[in-house]
Amino acid sequence: MQSALGTASILIFLLHTTAAHDENCSSKSRDAIDNDSISCASRGIKWKWDPTSTSHPCNIHRISDYDLLRFYGPLGLPNLYPYPLVIYPDDVDSNNNETGGGSKSRTRHNAFFANLTSIDNLSKQFSSDFNVTLTGSDSLSSHRRVVPLTQYLREVIIGNRDIGFPGETLPDQLGNETWYLFGETFTSEWANFLQNYELPSCHSCTPLHYQQHLVALSFGIGNIGSGVQWHLHGPGFSETIHGRKHWVLYPPKLRPEYDLNYASRHWMENVYPTLDDWSALDVEKEKYSHLAYLQKWRATTQKVMAEDAVKIAEDVNDEGNGPSNKKPWECTIHEGEMIYFPDGWHHATINLETYTVFVSSFTSEHV
């Protein structure tokens, strides 16, 4: 069996920051630019798809931590679950409205890790000269850049004037000219640090799986507009630790059309607005698919259910091959929430906050 670590290292998908400075900023002083919380490069420009919006649609089924364990038992999500799924804290409802005492009291299972990775605390977890390896944001993840962690954190927040990086990834920036931390986190220092992260609840996410290298963790940091271009790989989870992260997905046979040389925001700006919205029937069909899977899972053995998951995944592709004329499965993943991405689904991501931190868990699921 191929280990999840091997799969993840081959499929290095790295988000990005940026490398081209917009002319709209040329008349501003560098001090003014450095003090901007949002890049001046996008100030005054109305994008078709705005990463700072708080009202992006979500058509993916959402389930609470409590209900996930109540429905599927203490091990959590079964192997090879065939649909995308958003898992949220127990004191938040399915529409991301808090039901408890506010965000400070959210019952997130990785609260300790969130504290370690705050913008003030992250660099304290490593030596003062600790370097990180950044990769290009194009589909091939071309080029590498090694910089001190502290320098990259400054670039994420305010940009790097030396390379013309404004602190935001824009739709027209080439992926191989932008930089992002994600995937290159498999050194011993990162491994020791990631021991503080609590794994998702799934049948292939136990401590034993992790010890046997059947779960690979990858740590990432990006700023507004950064994100991985369309790609696919095996199943897993991605939890947002700080900020917000938008996900778009298509089933295996519905490969979207996109430019390999750009990051995901290019597709969101140029292709996404031309696609049809989901109909009310599409939304109901997505909701029903999860209920139907749960009912069948309760009525049969786990092994048979996992084998059927492959057939179920094929049924999702009933629109045929090639790009879909409809908008993708999509949802914004907030702090303390995670998304499950099924085996072989095309997906892309876009970070929505100045400081977006996330951890992806790549699993080796089998029947």
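Biologist: Why is β9 called mostly covered?
Modeller: Six of its six residues are buried in this predicted model. Buried requires under 20% relative accessible area. Hence the label "mostly covered" for β9.

Biologist: Which residues of β9 point one way, and which the other?
Modeller: W329, C331 and I333 take one side of the strand. E330, T332 and H334 take the other. Both sets are buried.

Biologist: What makes β9 an edge strand?
Modeller: β9 (329-334) pairs on one side only. β11 (346-351) is an edge strand as well, again with pairing on one side only. The order in the sheet is β9-β8-β11. It is an open sheet of three strands, with antiparallel pairing. The twist from one strand to the next averages 20°.

Biologist: How do you know that β8 pairs with β9?
Modeller: Count the bridges. Pairing needs at least two. Six bridges join β8 to β9, and the two run antiparallel. One bridge pair is V248 with E330 in β9. So β8 and β9 meet the criterion for pairing.

Biologist: And what supports the pairing of β8 with β11?
Modeller: Strand β8 covers residues 244-250, and six bridges link it to β11 in the antiparallel sense. The cut-off is at least two bridges. One bridge joins W247 to T349 in β11.

Biologist: How many bridges join β3 to β4?
Modeller: Five, and the strands run antiparallel. β3 holds residues 131-136. T135 of that strand faces R144 in β4. In β4 (residues 144-148), R145 and V147 make up the covered face. R144, V146 and P148 make up the uncovered one.

Biologist: How does the span of α9 compare with the expected value?
Modeller: The two are close. The helix has 20 residues, 280-299, and reaches 29 Å from first C-alpha to last. At 1.5 Å a residue, 28 Å is expected.

Biologist: Why do the buried residues of α9 line one face?
Modeller: They are D282, E286, S289, H290, Y293, L294 and W297. Down the helix axis they fall within an arc of 130°, so one face of α9 holds them. The face turned away carries the exposed residues A280, L281, Y288, R298 and A299. Exposed here requires over 50% relative accessible area.

Biologist: Which residues of α3 are buried?
Modeller: D67, L68 and Y72, in a helix of residues 65-72. Their arc around the axis is only 105°, so they sit on the same side of α3. Their cover includes β1 (62-64), β2 (85-88) and α9. Just after α3, G73 has a positive phi of about 90°.

Biologist: Why is W179 called buried?
Modeller: Its relative accessible area is 14%, and the cut-off is under 20%, so W179 is buried. W179 belongs to strand β5 (residues 179-182). S137 is 42 residues away in sequence, but 6.2 Å away in space, C-alpha to C-alpha.

Biologist: Where does pLDDT stay under 50?
Modeller: Over residues 1-42, for which the model has 134 contacts beyond four places in sequence. Residues 100-106 are also below 50, with 10 contacts beyond near neighbours in sequence. The protein as a whole has a mean pLDDT of 80, and 74% of its residues reach 70 or more. Where pLDDT is low, the predicted coordinates should not be read in detail.

Technical notes:
Residues numbered from 1 in each chain as written. Predicted model: local features only at pLDDT ≥ 70, side-chain atom pairs only at ≥ 80, totals over all residues. Heavy atoms only, no water. Helix = DSSP H or I, 4+ residues; strand = E, 2+ residues; numbered from the N terminus. Axes fitted to C-alpha atoms, helices over the stretch in contact; angles between N-to-C directions. pLDDT = per-residue confidence, 0-100. Contact = heavy atoms within 4.5 Å. Expected span 1.5 Å × (residues − 1). Buried < 20%, exposed > 50% of the residue type's maximum accessible area, 1.4 Å probe, protein only. Arc of directions from axis to C-beta.
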